[in-house]
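Here are some exercises to work through with the coordinates open beside you. Try each task before reading its solution.

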Amino acid sequence: MKKKLKFHELVVRAKSGDEKAVIQIVYRLNPAVKKYSRRSGHYAECYSDLVTWLIGAIDQYPA
């Protein structure tokens, strides 16, 4: 069984180009993204915008 990586470890891997790490980060934060998308009233548009923002924010996250 694989060990679940800590969030910081995923960010370091994502910043180095690991696409699976990026997917794992988006998957872990998906409940919050869905929550705020629903609150906006424009779920589909907001959801995709938040996921795009999240992927961009990974590069800016200090690791």
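**Exercise 1. In which helix do Tyr-43 and Tyr-47 lie, and how are their rings arranged?**

*Solution.* Start with the location: in this predicted model, helix α3 spans residues 43-60 and holds both Tyr-43 and Tyr-47. The two are four residues apart, which is about one turn of the helix.

Next, take the rings. Their centres lie 5.8 Å apart, and a pair needs centres within 6.5 Å, so Tyr-43 and Tyr-47 qualify as a pair. The planes of Tyr-43 and Tyr-47 meet at 25°, and planes under 30 degrees apart count as stacked, so this pair is stacked. The structure holds one aromatic pair.

Finally, check the exposure. Tyr-43 has a relative accessible area of 36% and is partly exposed. Tyr-47, at 23%, is also partly exposed, because that class begins where buried ends, at 20%.

**Exercise 2. Set out the overall architecture of the protein, from its elements to its surface.**

*Solution.* First list the elements: the protein has three helices and zero strands, in the order α-α-α from the N terminus. Then look at the extent, where the C-alpha atoms fill a box of roughly 35 × 30 × 15 Å along the principal axes.

For burial, 24% of the 63 residues count as buried. The exposed area is about 5,100 Å², with carbon and sulfur atoms supplying 58% of it. For charge, count 12 positive and 6 negative side chains, the centres of the two sets lying 11 Å apart.

Now turn to the contacts. Taking those between residues at least 6 apart in sequence, 42% join residues at least 24 apart.

**Exercise 3. Which residues make up the largest nonpolar core, and which elements give two or more residues to it?**

*Solution.* Begin with the membership: the largest nonpolar core has seven residues, namely Leu-10, Val-11, Ala-14, Ala-21, Val-22, Ile-25 and Ile-58. Two or more of these residues come from each of α1 (7-15) and α2 (19-40).

Then follow one member outward. Beyond its neighbours within four places in sequence, Ala-14 contacts Ala-21, Val-22, Ile-25 and Ile-58. As background, nonpolar side chains in soluble globular proteins tend to be buried together.

**Exercise 4. Is Lys-20 buried or exposed?**

*Solution.* Place the residue first: Lys-20 belongs to helix α2. Its relative accessibility is 69%, and the exposed class starts over 50%, so Lys-20 is exposed. For a distance check, Lys-20 and Leu-10 are ten residues apart along the chain, with their C-alpha atoms separated by 9.0 Å.

**Exercise 5. Trace what Ile-55 and Tyr-36 touch, leaving aside residues up to four places away in sequence.**

*Solution.* Take Ile-55, in helix α3. At 39% relative accessibility, Ile-55 is partly exposed. The residues in contact with Ile-55 are Val-22 and Val-26. A separation of 30 residues in sequence lies between Ile-55 and Ile-25, yet their C-alpha atoms are 8.7 Å apart.

Now take Tyr-36, in helix α2. Tyr-36 is partly exposed as well, at 44% relative accessibility. The partners of Tyr-36 are Cys-46 and Leu-50. As for Tyr-61, 25 residues along the chain from Tyr-36, the C-alpha separation of the two is 21 Å.

Definitions and conventions. Residues are numbered from 1 along each chain as its sequence is written. This is a predicted model: local features need pLDDT of at least 70, side-chain atom pairs count only at pLDDT 80 or more; totals for chains, interfaces and linings use all residues. Side-chain values use heavy atoms; hydrogens and water are left out. Buried means under 20% relative accessible area, exposed over 50%, partly exposed in between (1.4 Å probe, protein chains only). Contact means heavy atoms within 4.5 Å. Accessible areas come from the Shrake-Rupley method with a 1.4 Å probe; for residues, only the protein chains shown count as cover. Lys and Arg count as positive and Asp and Glu as negative; His and the chain ends are not counted. The place of a charge is taken as NZ of Lys, CZ of Arg, CG of Asp or CD of Glu. A nonpolar core is a set of buried Ala, Val, Leu, Ile, Met, Phe, Trp, Tyr and Cys residues joined through side-chain atoms within 4.5 Å. Rings of Phe, Tyr and Trp (its six-membered ring) pair if their centres lie within 6.5 Å; planes under 30 degrees apart count as stacked, over 60 as edge-to-face and the rest as tilted.
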